[in-house]
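Got the model open? Here's a short tour of how the protein copies pair up and how they sit against the DNA.

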Protein chains: 2
Amino acid sequence: MSTITSNRPQNGSLVKAFALLEFFSNQKKQWGVRELSRHIGANESTTYRMMATLESLDILYKNPETEKYALGLKLYELGNRVDINASFIHLTHPELERVALEIEETVHLGILRNNKVLMVDKVESSMGLRLDSSVGQMSPIHCTGIGKVLVAFGDNMITSFLKSYDYVRFTEKTIINKADFDKELRKIKKQFYAIDDQEFEQGLICVAVPVFNKKNDLVASLSAAGPSVRFKKDSLLEYVSILTKGANAIQQNIGNYKI
Amino acid sequence: MSTITSNRPQNGSLVKAFALLEFFSNQKKQWGVRELSRHIGANESTTYRMMATLESLDILYKNPETEKYALGLKLYELGNRVDINASFIHLTHPELERVALEIEETVHLGILRNNKVLMVDKVESSMGLRLDSSVGQMSPIHCTGIGKVLVAFGDNMITSFLKSYDYVRFTEKTIINKADFDKELRKIKKQFYAIDDQEFEQGLICVAVPVFNKKNDLVASLSAAGPSVRFKKDSLLEYVSILTKGANAIQQNIGNYKI
DNA sequence: AATCACTGTTTCACATAGTGAAACACTTAA
DNA sequence: TTAAGTGTTTCACTATGTGAAACAGTGATT
C-alpha cells in the first residue's frame with residue numbers, strides 16, 4: 001500500500017525482502033511463516049519462499065525447536081563490516097561546519113563504542129590556539145562532555161557497565177566515583193547539556209548536547225571544546241543553544257538511523 | 001558458478017543481491033556500477049538496478065562525491081538488532097556439553113565485546129563445588145584465560161585498546177602492566193592455550209583455547225574453569241587437548257561466521 | 001475417533017516483474 | 001576530435017516470481 005516516491009528503477013522482491021527484515025528488526029519475538037505473512041499483509045507462499053531463501057543465506061535464522069524465524073548471523077556479519085563513517089559523516093558534517101563557524105571552537109561528534117567515546121567527526125576551530133584531537137580517537141566516558149551526555153541520555157544499562165575501576169583520575173576535577181557521577185548525570189538530564197570543566201585535561205573545557213534521531217533514539221553527542229581561557233560563563237549558554245540548534249538540524253538529516 | 005545444493009524454493013534476485021552485499025563486505029574499497037558488474041560477472045543493467053534499489057533502502061551507500069558504493073547504514077542498523085545468542089549458541093552448545101562431560105568442570109564460551117569478555121554460553125560442571133558465573137556476564141580481559149586468548153590470537157589493534165588503567169589488580173597474581181602482558185601473550189601464541197591461575201579470583205583456575213571459523217578467523221574462546229584445589233599440573237595439558245578437540249569441532253559447525 | 005484450527009509446504013497456470021544487449025548522455029584524458 | 005571510460009535508460013522477451021488452492025502434518029477440544 002505504501003508508495004515509494006522515486007523515479008529510480010526498483011527491484012520489487014528486494015524491497016519486499018528488506019521490508020520483511022526491517023519488520024523483524026523492530027520485533028523481539030520470533031515469527032512463523034503464516035503468522036508473519038498475515039501481519040505484514042503479504043501472500044503466505046511468497047513470504048514462505050522469501051523466508052526460505054533468506055534462511056538458506058543465513059540472513060534469517062530458523063529456530064530448530066520452534067521452527068520460528070529471527071534475524072540471522074550473516075546479517076550480523078554484514079552489519080559489522082559497514083564503515084559507519086563513510087555513510088554517516090556526510091549527513092552530519094555540513095552541520096558541524098555550520099556550528100563551528102558560529103562558535104569558533106573545535107566541534108566534535110562522538111558516539112559510544114567499546115565502553116569508550118569514539119569521535120566520529122570533527123571540524124577544527126579556525127583560531128590559533130587549537131585543540132588537537134583526531135577522528136577515530138577513543139576517549140573516556142566519565143570525564144568528557146560527550147561521554148557524559150551519551151550515558152545520561154542513553155540506555156540505563158550503560159551506567160551499570162562503568163565499574164569502579166573505570167573512574168580514572170585525570171585531573172583534580174575528575175569525578176571518580178559512582179555516587180558523584182550519578183548526581184552529575186541527573187543534572188545533565190535536567191539541563192539538557194553537559195560540561196567538562198577540565199576534568200579530562202587541565203585547561204580544556206567542553207560543552208556537549210545530545211543528538212537524537214527522528215524516533216528520538218540517542219545516536220550521538222555534539223560538542224564544542226576549547227581552552228579554558230576562552231570559555232566564559234556567559235558564552236557557555238550561548239554555545240549550548242547553538243549546539244542544540246545543530247543537533248536538531250542533524251536530527252532532520254539522519255532520519256531514523258540508530259548508531 | 002557455485003551451485004547451491006538445496007531443494008528448497010529459492011528467490012533468485014534475493015540470492016544475487018546478498019551475493020553482491022557479501023562481495024562488498026569482503027572488500028574495503030568502494031565500487032562503481034560497471035566496475036563491480038564486471039568483477040562479479042553480472043549484467044551491468046541488472047547490477048545497476050539492484051544497486052539503485054539497495055541504495056534507496058540505505059542498504060548501500062553512494063558516496064556523493066565519487067558516486068561509488070559501499071555498505072550502508074541500514075545494514076549496520078539491521079546487523080545490530082540480531083540476537084547473536086539465538087543463532088550462534090545452538091551451533092556451539094552441543095559441543096560445550098560434550099567437553100563439559102569429559103572435563104567435568106564448568107565450560108565457557110566467550111567473545112570480545114565492548115573491550116571486555118562477554119560470556120555467550122556455558123555448561124555447568126556436575127560436581128558439587130561449582131563456579132557461579134552466568135551467560136551475559138562481562139569479565140575483564142587481562143586476567144581471564146578467555147580474555148588473554150582472544151587478545152593473543154585476535155587483531156593486533158586490540159592490544160592497543162588496553163590502556164594502562166585497564167590493568168586492574170584483582171589478586172596478587174594479576175598482571176598489571178603492558179610489558180608483562182605482552183610477554184604473556186607471546187607465550188600464549190606459542191603454546192596455543194592460556195591459563196589464568198588465580199589472576200582474577202583467588203582459588204580459581206581457568207584454561208582457555210582459541211576457537212576459529214573455517215576461514216581461520218578467531219571467533220571465540222573456549223575455556224574450562226574450576227577451583228585450584230582440583231586443577232593439577234598434569235591434568236591441565238589433558239584439558240587443553242580436550243578443549244582443542246572441542247574448538248575444532250565447533251569450527252566445523254560454525255562455518256565462516258565471524259563474531 | 002472425529003472434528004477443528006492451526007501450522008509449514010507444494011503445486012501450477014498465469015502474467016508480472018526482472019532481464020540484458022544496445023543505445024544514450026555524459027565526463028575526462030589524449 | 002577522438003577514444004575510453006563512466007552511469008543511466010530503453011524495450012522486447014521470457015524467465016521468474018506470484019498467489020489461490022490443495023496437501024500434509026500437529027495438537028487441542030469435543
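## How the two copies relate

In this predicted model, chain B lands on chain A after a rotation of 180° with 0.1 Å of shift along its axis, giving an RMSD of 0.2 Å (a least-squares fit on the C-alpha atoms of residues with pLDDT of at least 70 in both copies). So the two copies are related as by a two-fold rotation axis.

They also meet through the same surface, because 100% of the interface residues of chain B are interface residues in chain A too (contact means heavy atoms within 4.5 Å).

## What surrounds DNA strand C

Now for the DNA. 18 residues surround strand C, and the closest are Arg34(A), Arg38(A), Tyr48(A), Asn43(B) and Ser45(B) (near means a heavy atom within 4 Å). Of the strand C atoms that come within 4 Å of the protein, 58% belong to sugar and phosphate.

By class, that surface has 2 nonpolar, 9 polar and 7 charged residues, with Gly counted as polar. Helices H1 (12-25), H2 (33-39) and H3 (44-56) of chain A, plus H3 (44-56) of chain B, each supply at least two of its residues (helices are DSSP runs, H or I, of at least four residues).

## Polar contacts to the strand

A polar contact here is a pair of N or O atoms within 3.5 Å. Arg34(A) puts a polar side-chain atom 2.6 Å from a base nitrogen of DNA strand C.

Phosphate oxygens of the strand are approached as well: the Asn11(A) side chain has an N or O atom 3.1 Å from one, and a backbone N or O atom of Gly12(A) is 2.8 Å from one.

## Reading notes

Residues are numbered from 1 along each chain as its sequence is written, while chains are lettered from A and ligands numbered from 1 in the order written. Local features need pLDDT of at least 70 and side-chain atom pairs 80 or more, totals for chains, interfaces and linings use all residues, and side-chain values use heavy atoms, leaving out hydrogens and water.

Terms used. A polar contact is a pair of N or O atoms within 3.5 Å; within protein, one must be able to donate a hydrogen and the other to accept it, and residues adjacent in sequence count only if both atoms are side-chain atoms.
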